[in-house]
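I opened the model to look up a few things and keep a record. My topics are cysteines, a pocket and some strand pairings.

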Amino acid sequence: MYIESHDAPGLTSDIRSCLLSWGYDCFTEIQTLALAEGVALGNSLIICAPTSSGKTLVAELAILAAICRGRRCLYLVSHKALADQKYLDFVERIGDGAQPQRASIGLSTGDRDEGEVTPQVLVATYEKALSLLLAGQLDLSATVVVADELQIIGEDGRGPSIETLCTIFKRQGLDQLVALTATIGNAQELADWLGCGLVTSWKRDVDLHQEIWSGGEGYHVLFGQEIGARCHVGENLPSDDVSVARHLVKMGRGPVLVFTESRNEAIQMANRYSQTATRTAE
């Protein structure tokens, strides 16, 4: 569906022009279905679809529509690194880095707080949002909440805290809840518990490529397929994590997200990367 000509409930000309300025020209299947179910009208929805299907833009549609209605927004993410990235994205797209600026943006992860004290759009981790709520420092009245990667509610370690947070959402009542999740077995049960509509799609609009680099050689397979093939033939591919990250950036595949076992290991890796990186004014 072409954004410029697509007609959907709550899809105003202002929202449409904003999406076009971000470089989007078509809606994916899950985005089209979510719009039809009223995500831009303020309806609470569980968006259940595979990776690379376009769930993130559904959340951004809800946020754009919420800003137009004069609501505040809380964007919940699973990891601090993702919170940092999403904060920068919002600053560039709708914050003081955009022309015109549509909203004030804030970040709160426990380690880092940025932006205004009471921003129109606050990006936070689940655990930080729970602590802010319990401390009475977060007002949910007239607030649209986007819960990214909500399937982590089923994790043994973090699940109970996230379930507690969702229970508070239910008791206080939100203006709108939009939860994004990869395909899970009990999506309808989760939607019923949260009092949300359910929008599902099994279509992956962007192929997900997987590569394994080992012994200087590369192997490639499309997600969902069982048979792969050699790739980067003739190249001597790096094997240590920092060199791999540097090589991926050189190939134009940034940004790169590297998962490590601990915070100290992440800091050490970042230091090793920066010590050999080319210094520029930027």
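My entries follow, topic by topic.

**Entry 1: cysteines.** I am working on a predicted model. I looked for disulfides and found zero. I then asked why C196 has no bond to C166. The sulfur of C166 is the closest cysteine sulfur to that of C196, yet the separation is 9.1 Å, too far for a bond. A disulfide needs the two sulfur atoms within 2.5 Å, so this pair does not qualify. I also looked up burial. C196 is buried, with a relative accessible area of 10%. C231 is buried as well, at 12%.

**Entry 2: the second largest pocket.** I noted a volume of about 560 Å³ for the second largest pocket. Its lining is made of 16 residues. Nearest the centre I find H209, E211, V244, L248 and R253. Which element gives the largest share of the lining? It is β9, with five residues. I recorded β9 as residues 209-214 and α8 as residues 241-250; each supplies at least two lining residues. By class, the lining holds nine nonpolar, four polar and three charged residues.

**Entry 3: the sheet with β9.** I followed β9 from the pocket into its sheet. Three strands form an open sheet, ordered β9-β10-β11, with antiparallel pairing. β9 and β11 (229-231) are the edge strands, each pairing on one side only. From one strand to the next, the twist averages 35 degrees. I then checked the β9 and β10 pair. How many bridges join them? There are six, in the antiparallel sense, with β10 spanning residues 217-222. Across this pair, Q210 stands opposite V221 of β10.

**Entry 4: strand β1.** I turned to β1, residues 45-48. Are its faces covered or open? Both are covered. L45 and I47 are buried on one side, and I46 and C48 are buried on the other. The general rule is that side chains in a regular strand alternate between the two faces of the sheet.

**Entry 5: partners of β1.** I looked up two pairings. β1 runs parallel to β7 (residues 176-181), and four bridges join them. In that pair I47 stands opposite L180. β1 also runs parallel to β8 (residues 197-200), again through four bridges. Here L45 stands opposite G197. So I have L45 and I47 on one covered side of β1, with L45 opposite G197 in β8 and I47 opposite L180 in β7.

Methods
Residues are numbered from 1 along each chain as its sequence is written. This is a predicted model: local features need pLDDT of at least 70, side-chain atom pairs count only at pLDDT 80 or more; totals for chains, interfaces and linings use all residues. Side-chain values use heavy atoms; hydrogens and water are left out. Buried means under 20% relative accessible area, exposed over 50%, partly exposed in between (1.4 Å probe, protein chains only). On a 1 Å grid over the protein atoms alone, a cavity is a set of points where a 1.4 Å probe fits but cannot get out, and a pocket is an open set with protein on both sides within 12 Å along at least five of seven lines; lining residues have an atom within 4 Å of a point. Grid points are joined across faces, edges and corners, and a volume is the space filled by probe spheres set on the points. Ala, Val, Leu, Ile, Met, Phe, Trp, Tyr, Cys and Pro count as nonpolar, Asp, Glu, Lys and Arg as charged, and the others, Gly among them, as polar. Two strands pair if DSSP finds at least two bridges between them. Axes are lines fitted to C-alpha atoms, for helices over the stretch in contact, and angles run from 0 to 180 degrees between N-to-C directions.
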